[in-house]
Amino acid sequence: MLKGSTNGLSELDTKINKVKQFDYLVTESIIEFDNAFSIGYVKPESNDYLRVMPTAEVKEYDTVDITFNIAIDKNSAEVKDNYIIKDLKGNCLDVKEAHLITNKLVRLITGPQISGELYTVTVKEVQSIEGLVIQEGNNITKFGGLGSGTIVNRYDCIPVSNTKVQIIFNDVLDKETAENNQNYIIYDRSGNNLQVYDDKVVSIDEDQEYYDKSVYLITSQQTPGELYTISATNVMNINGEDISSNKSIMFGGIGKKR
């Protein structure tokens, strides 16, 4: 039998009150912890993950590679209607097929391009492997068209930033001739030169696929959307053979990376 207490509450009532007080203190502590955690924790925006700028590289008069810097979903990447290509007058270039070559590269098979035409590619509804859609405003890239009679060049170029271009050759480079910036000329559609300030053969740490076969050119600032032509001359492979072939390749100028 429970004894009465001096304040008029039974021993049972006293114990119940103590339990209630304990529950209250625990609940308040949890709330304070949650508040402190929510203030100090910033949830990442899912769209931030997809603020990526795709890069277009023309391969043939009917072939364009679109490269992303994130792994993308195969199903959405291979929907040809997810790529809209237009020339400067707004005419559409037919996209016949889309194939995921690697987890970051899509190869588009197009209708015949016009040599020297500047094409704009808009990517839509392509998703990352996590299912996030590429954000609008960061889904546009450009490339210069190749005519059907154009001989495929022995080297390609990729704009890396608005002051950096990567030229990829098909053989291991002779460092001395590859790093002579006098061997590269870049000019826009009006014939104005884009200055080449420096060049360096790419190391394995910088590009595990094209190291020793590509060169980074450091240039003056490109004009976004401008069509540039690169001519390489006297660039040799390690056997002393000219692999630049004095051919010209084109790329679309890009703005600064975010």
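Two residues are in contact when heavy atoms of one lie within 4.5 Å of heavy atoms of the other. With that meaning in hand, the chain can be described as a whole: of its contacts with a separation of 6 or more, 63% are between residues 24 or more positions apart. The structure is a predicted model, in which local features need pLDDT of at least 70 and side-chain atom pairs count only at pLDDT 80 or more, while totals for chains, interfaces and linings use all residues. Residues are numbered from 1 along each chain as its sequence is written, and side-chain values use heavy atoms, with hydrogens and water left out.

**Overall make-up**

The chain has 3 helices and 16 strands, where helices (H or I, at least four residues) and strands (E, at least two) are DSSP runs numbered from the N terminus. Of the 258 residues in the chain, 36% are buried; here buried means under 20% relative accessible area, exposed means over 50%, and partly exposed lies in between, with a 1.4 Å probe and protein chains only.

**Two open sheets**

Strands of a sheet pair through backbone hydrogen bonds, either parallel or antiparallel. Two strands are taken to pair if DSSP finds at least two bridges between them. One open sheet is formed by 4 strands in the order S1-S2-S6-S5, with antiparallel pairing. Its edge strands, each of which pairs on one side only, are S1 (55-60) and S5 (95-102), and the twist from one strand to the next averages 25°, an angle between N-to-C directions that can run from 0 to 180 degrees, with axes fitted as lines to C-alpha atoms and, for helices, over the stretch in contact. Within this sheet, S1 and S2 are joined in the antiparallel sense over 5 bridges, and Val58 stands opposite Val64 in S2.

Another open sheet of 4 strands has the order S4-S3-S7-S8, and its pairing is antiparallel. In this case the edge strands are S4 (92-93) and S8 (140-144), each pairing on one side only. S3 and S7 run antiparallel and are joined by 4 bridges, with Ile85 standing opposite Val121 in S7.

**Nonpolar cores**

A nonpolar core is a set of buried Ala, Val, Leu, Ile, Met, Phe, Trp, Tyr and Cys residues joined through side-chain atoms within 4.5 Å. The largest such core has 23 residues, and the members that touch the most others are Tyr83, Val106 and Phe143. Two or more residues of this core come from each of S1, S2, S3 (83-86), S5, S6 and S7 (118-123). A second, separate core has 21 residues, including Val165, Ala178, Val235 and Phe251.

Which residues does Phe143 touch, not counting residues up to four places away in sequence? Among them are Ala56, Val58, Val64, Ile85, Leu93 and Val121. Val58 and Val64, as already noted, stand opposite each other, and so do Ile85 and Val121.

Thr219 offers another view of local surroundings: this residue is found in strand S14 (residues 214-219) and is buried, at 3% relative accessibility. Leaving aside neighbours within four places in sequence, the residues in contact with Thr219 include Asn162, Val165, Ile186, Leu194 and Tyr197.

**Salt bridges and cysteines**

Side chains of opposite charge can pair when their charged atoms come close. A salt bridge is counted when a side-chain nitrogen of Lys or Arg is within 4 Å of a carboxyl oxygen of Asp or Glu. The structure holds 6 salt bridges, including the three listed below.

| Salt bridge | N to O distance |
|---|---|
| Arg107 and Asp65 | 2.7 Å |
| Glu179 and Lys175 | 2.9 Å |
| Glu206 and Lys200 | 2.8 Å |

What does the salt bridge between Arg107 and Asp65 tie together? Arg107 lies in strand S6 (residues 105-110) and Asp65 in strand S2 (residues 63-67), so the pair ties together parts that are 42 residues apart in sequence. Arg107 is partly exposed, at 28% relative accessible area, whereas Asp65 is buried, at 2%. Glu179 is partly exposed at 26%; Glu206 is partly exposed at 36%, and Lys200 is partly exposed at 36%.

A disulfide is a covalent bond between the sulfur atoms of two cysteines. Counted as a pair of cysteine sulfur atoms within 2.5 Å, disulfides number 0 in the structure. Cys92 is exposed, with a relative accessibility of 58%, whereas Cys157 is buried, with a relative accessible area of 6%.
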